[in-house]
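Biologist: I'd like to go through this one with you, a few spots at a time. Can you put it up so we can both look?

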Amino acid sequence: ILKLAINVPLSREFDYLPPPGGAIPMPGCRVWAPFGRRRQVGIVLAHADGSTLAADKIRACSDTIDETPLLSTAELRLIRFTSDYDPPPIGEVVAAALPVLLRQGRSLHPTVETIAATANGESADAETLARRAPKQAELLEFLIDSGGAGCEADRLTEELPNWRRVAKPLFEKGYLERFDARAADFDEQSGVAAVEPPSLNDDQQNALSALRSSDEFAAFLLDGVTGSGKTEVYLARMDDMIRQHKQVLVLAPEIGLTPQLVARLRRRLGIEPAVLHSGLSDIERLSAWRAARSGAARLVVGTRSSIFTPLKNPGLIIVDEEHDHSFKQQEGLRYSARDLAIVRAKQLDIPVILGSATPTLEILQHCVEGRYQHLSLPARAGGARPPTMRLVDLLRSPATDGLSEPLAEAIQRHLGAGGQALIFLNRRGFAPTLICGSCGHIAGCHRCDSRLTVHARSNELRCHHCGASRKLDETCVECGNAVRPLGEGTERLEEALRARFKDQVIMRVDSDSTQRKGAIEEVLDQAKQGHADILVGTQMLSKGHHFPKLTLVGVVNADQGLFGTDFRSGERMAQSILQVAGRAGRENRQGEVLIQTAFAEHSFWQTLIGGGYEEVAEKALAERRLTGWPPFTRLALIRAAAHDRKDALEFLEVARDFVVRTADDTLRVLGPVDAPMARKAGRYRAQLLLQSSQRKVLHAVLGRLRPLLEEQKKSRKVRWSIDVDPIELF
Ligand code: ADP
Ligand code: ZN
């Protein structure tokens, strides 16, 4: 019997017979399996001698797809762990671990539709063609430039979206040809020699020595203030591994995975990394994945999902910016790539390094308890000093459109001295609220319990929760009187800055201004080269970037997190402020950070400015210990959403009753209650929180609960999920 994982939302394995005739597919190979009336790709997890199913109920696979296993037993073990832990259905985990083409049953070495210019095409009269049919001429020229091997159809679609229509007459004239070619294989040669590293300072050297103490499993936290040279320390350790022909897997946040990081790795290590991120075509992704699996790539760099990438000869895993939320998948299959990095390193018996200037309390607590080694880089590397930080009390210096006088003056001063300014506001759009001056009515979303954001550029009201939008109201929909935007978003702030700094180049960076593919890389590159005087934007600007000329950071609305309802609010706020502050003064000019707040007396500021992240973290940990929040307990959040509030609540009541009946009293059950934003996109949302100091207790309960929930009749009306170690409580 073959035990198969199939990508369907059922948390079990499926029993099948091997395909008739031929060899029995090994674990890690894909097969085609009849499933209902269709067929599905299954991956063989294991072989078994028998089945609990009746013999006549067991169907046979129709074909074997792979002769040799795609995934090794070590990789299957990580997949099984992920599925046991959360527990998402194993078929979904396997699907996440495979590039989309393999999920669809395509070969590991697929051929792809390729277009090339023929000899006739190359000798065609280009000038005449350019006059009569400029589009055709453009396409032909592009393909001639691509050379005899031609260009993959997918890539062509990216460059010239309408190429198929344009190509038709060119095919008829015999100027172009079409064939299936094997996609190009990954080549590690970068063609550039590695540049010499800087000589490490004492702190870096100590950290590196500690890292070098083990080639076996050990978890390290590299805790270094922004600009302390963490990346240089990783690079040195990566270099060790690569020289020994071992592979290094680097996980980075999506936004951190800019061409700059990749270029830095290439430059310093002298090899081409295999890069896995969301901007790749399916073929490119498969090619990088294959290079990791075969060992052709010694350096594999990717976002969250690349934690599942198979590695032939793994030596080291690095998670850069460990605190970043993008490591946790929040939809569908919920997993934390950071936590899985540790599991995987342990399974493979190799070291793992987590790096951050603002480590999460979970990881810090592991260090306190001695499970992870805490390595500190307390000072900036090279000549850079830490930025000075000070508050602007908004009660004394009120802001207009987000901009207070002291902040405006500071911008003037820094620009005058040849610096660059970054103004941070984690709220896009023009204003978060549209309010009526007469009756006080606030424009709300019809489908969510939320306000609509004013977007002035597009003249719209938009819901940031469900994406709904409509034309901006000119008058109040309730009473017909004048309405006005209240509060500020990045658009409004940009306008205020433009009005004040007329001759300066101002660039806004948020998800609205960078929707086009490649736009974010372009803006960041411009900013790095110093082409912008003032950058204004959301947390997209704060992550890991190095803007050499930047000396001033302004935090416009720092108060959002001071009274947050989530137990992580304080930790979050300290992280986001210190990360953006860390962009200031990274080279030889002194950096300055101004924080606008209406609560200048709040003790949070004294802690943050006086004691830095270390003190914020210490206090927060003490508080969490008292109140019994993570990392001192573990949480699982069960969410349910339905058109009818009653259905969602009843579904969770069944879950609660089951848990209360079966678990011991070390498990606390809170709820079910409405979610903090109860209605979203037309559905009512409710939640049930399970809390225990024993991970095993939680784990055991969830293992029994999931099948029960899958079988509930209501489960068809209710969308539900189990989130273990949730990072948001709504
Ligand atoms: P982090 O990753 O901690 O933010 P980086 O490794 O990016 O820090 O280093 C910040 C800056 O300091 C970079 O420009 C880097 O080249 C430089 N740098 C790092 N280590 C040294 C060193 N030992 N000597 C001189 N410059 C250094
Ligand atoms: Zn909405």
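Biologist: Where is the place of glutamate 321?

Modeller: Keep in mind that this is a predicted model. Glutamate 321 has a positive phi of about 60° without being a glycine. Its relative accessibility is 14%, and since buried means under 20%, glutamate 321 counts as buried. As for its place, that is the loop between strand 13 (314-320) and helix 13 (337-348).

Biologist: Why does that phi catch your eye, and what sign do most residues other than glycine have?

Modeller: A positive value stands out because of the general trend. For most residues other than glycine, phi is negative.

Biologist: And aspartate 725, where does that lie?

Modeller: Aspartate 725 is not a glycine either, yet has a positive phi of about 50°. Its location is the segment after strand 32 (719-724).

Biologist: On to the zinc ion (ligand 2): what is the geometry of its site?

Modeller: The protein donors are the SG atoms of Cys445, Cys448, Cys463 and Cys466, lying 2.3 Å from the zinc ion. In sequence these donor residues follow the spacing C-x2-C-x14-C-x2-C. The angles among the 4 donor atoms run from 107 to 113°, and the site is tetrahedral.

Biologist: Cysteine 466: buried or partly exposed?

Modeller: Cysteine 463 has 3% relative accessibility and so counts as buried. For cysteine 466 the figure is 22%, which is not under the 20% limit for buried, so the label is partly exposed.

Biologist: How much of ligand 1 does the protein bury?

Modeller: A polar side-chain atom of glutamine 204 lies 2.8 Å from a nitrogen atom of ligand 1. Two oxygen contacts also turn up: a backbone N or O atom of glycine 229 at 3.0 Å, and a polar side-chain atom of arginine 264 at 2.9 Å. Ligand 1 taken alone exposes 560 Å², and the share of that buried by the protein is 76%.

Biologist: Which helix gives the most to the shell around ligand 1?

Modeller: The shell residues divide into 4 charged, 4 nonpolar and 9 polar. With 3 residues, the top contributor is helix 10 (residues 230-243).

Biologist: Arginine 237 is in helix 10 too. Which residue has its backbone oxygen 3.2 Å from a polar atom of that side chain?

Modeller: Arginine 237 has a relative accessible area of 3%, so this residue is buried. The backbone oxygen lying 3.2 Å from a polar atom of the arginine 237 side chain belongs to leucine 211.

Note on methods:
Residues are numbered from 1 along each chain as its sequence is written. Chains are lettered from A and ligands numbered from 1 in the order in which they are written. This is a predicted model: local features need pLDDT of at least 70, side-chain atom pairs count only at pLDDT 80 or more; totals for chains, interfaces and linings use all residues. Side-chain values use heavy atoms; hydrogens and water are left out. A polar contact is a pair of N or O atoms within 3.5 Å; within protein, one must be able to donate a hydrogen and the other to accept it, and residues adjacent in sequence count only if both atoms are side-chain atoms. Accessible areas come from the Shrake-Rupley method with a 1.4 Å probe; for residues, only the protein chains shown count as cover. Helices (H or I, at least four residues) and strands (E, at least two) are DSSP runs, numbered from the N terminus. Ala, Val, Leu, Ile, Met, Phe, Trp, Tyr, Cys and Pro count as nonpolar, Asp, Glu, Lys and Arg as charged, and the others, Gly among them, as polar. Donors are N, O and S atoms within 2.8 Å of the metal (3.2 Å for Na, K and Ca); water is not among the atoms, so sites may look incomplete. Four donors count as tetrahedral if all angles lie between 85 and 135 degrees; four count as square planar and six as octahedral if opposite donors are over 155 degrees apart and all others between 65 and 115; anything else is irregular. Buried means under 20% relative accessible area, exposed over 50%, partly exposed in between (1.4 Å probe, protein chains only).
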